[in-house]
Amino acid sequence: MHAYAKGRRNEWKAKKYLEARGYTCFRTAGSHSDWDIIAIKKGRLLMLVQVKTNKKPPMATPDQLDLIDGSWRVHIHLWKDYAKQPEIYDWRSGHAVDLLP
């Protein structure tokens with residue numbers, strides 16, 4: 001499977017994973033932005049999601065941190081091949097986190 005197809009597949013898996021947990025999601029396909037999915041849940045903060053496959057990216061640089069308001073939840077969803085759910089990391093710290101209900 002080509003890298004693009006695998007990445008697209010995992011973006012859809014991440015979107016379905018979040019929607020099953022009550023989030024309204026928007027996939028930013030073709031935008032070439034830093035965020036693959038924008039997720040919103042009533043009563044919760046906006047969540048920006050970067051989807052990666054098999055390899056955890058580095059945490060945010062100080063310049064990148066200045067771009068995002070500190071109250072926003074910013075996650076990286078790492079999908080390993082054939083996994084049923086992602087490993088979720090905070091983009092700012094690089095630490096593993098749980099997806100809040």
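A pocket is here an open set of grid points with protein on both sides within 12 Å along at least five of seven lines. In the predicted model, the largest pocket has a volume of about 400 Å³. Its lining comprises 19 residues, of which Tyr4, Gly7, Arg8, Glu11 and Asp36 lie closest to the pocket centre. Two elements, helix 1 and strand 3 (47-53), each give two or more residues to this lining. Helix 1 supplies the largest share, with six residues. Sorted by class, the lining of the largest pocket consists of eight polar, six charged and five nonpolar residues.

Helix 1 also takes part in the packing of the interior. The largest nonpolar core contains 13 residues, and within this core Leu18, Tyr23, Ile37, Met47 and Leu99 have the most contacts. Helix 1, strand 2 and strand 3 are the elements that give two or more residues to this core. A second core, separate from the largest one, has nine residues, among them Trp35, Leu48, Ile68 and Trp91.

Aromatic contacts were examined next. Two aromatic pairs were found in the model. In one of them, Tyr17 and Trp79 are arranged edge-to-face, with a centre-to-centre distance of 6.1 Å and 90 degrees between the ring planes. Because Tyr17 belongs to helix 1 (residues 3-19) and Trp79 to strand 4 (residues 73-79), this pair ties together parts that are 62 residues apart in sequence. Tyr17 and Trp79 are both buried. The ring of Tyr17 has a further partner: the charged end of Arg21 sits over this ring, 3.6 Å from its centre.

The pair formed by Trp35 and Trp91 is likewise edge-to-face, with 5.1 Å between the ring centres and 80 degrees between the planes. Trp35 is located in the loop between strand 1 (24-27) and strand 2 (37-40), whereas Trp91 is located in the segment after strand 5 (87-90), so the contact ties together parts that are 56 residues apart in sequence. Both Trp35 and Trp91 are buried. The two residues of this pair are also members of the second nonpolar core.

Taken by element, helix 1 thus recurs in several of these features. This helix provides six residues to the lining of the largest pocket, is among the elements that give two or more residues to the largest nonpolar core, and carries Tyr17 of the pair with Trp79. Strand 3 likewise gives two or more residues to the pocket lining and two or more to the largest core.

Notes
Residues are numbered from 1 along each chain as its sequence is written. This is a predicted model: local features need pLDDT of at least 70, side-chain atom pairs count only at pLDDT 80 or more; totals for chains, interfaces and linings use all residues. Side-chain values use heavy atoms; hydrogens and water are left out. Rings of Phe, Tyr and Trp (its six-membered ring) pair if their centres lie within 6.5 Å; planes under 30 degrees apart count as stacked, over 60 as edge-to-face and the rest as tilted. Helices (H or I, at least four residues) and strands (E, at least two) are DSSP runs, numbered from the N terminus. Buried means under 20% relative accessible area, exposed over 50%, partly exposed in between (1.4 Å probe, protein chains only). A charge sits over a ring if NZ of Lys or CZ of Arg is within 6 Å of the ring centre and within 35 degrees of the ring normal. On a 1 Å grid over the protein atoms alone, a cavity is a set of points where a 1.4 Å probe fits but cannot get out, and a pocket is an open set with protein on both sides within 12 Å along at least five of seven lines; lining residues have an atom within 4 Å of a point. Grid points are joined across faces, edges and corners, and a volume is the space filled by probe spheres set on the points. Ala, Val, Leu, Ile, Met, Phe, Trp, Tyr, Cys and Pro count as nonpolar, Asp, Glu, Lys and Arg as charged, and the others, Gly among them, as polar. A nonpolar core is a set of buried Ala, Val, Leu, Ile, Met, Phe, Trp, Tyr and Cys residues joined through side-chain atoms within 4.5 Å.
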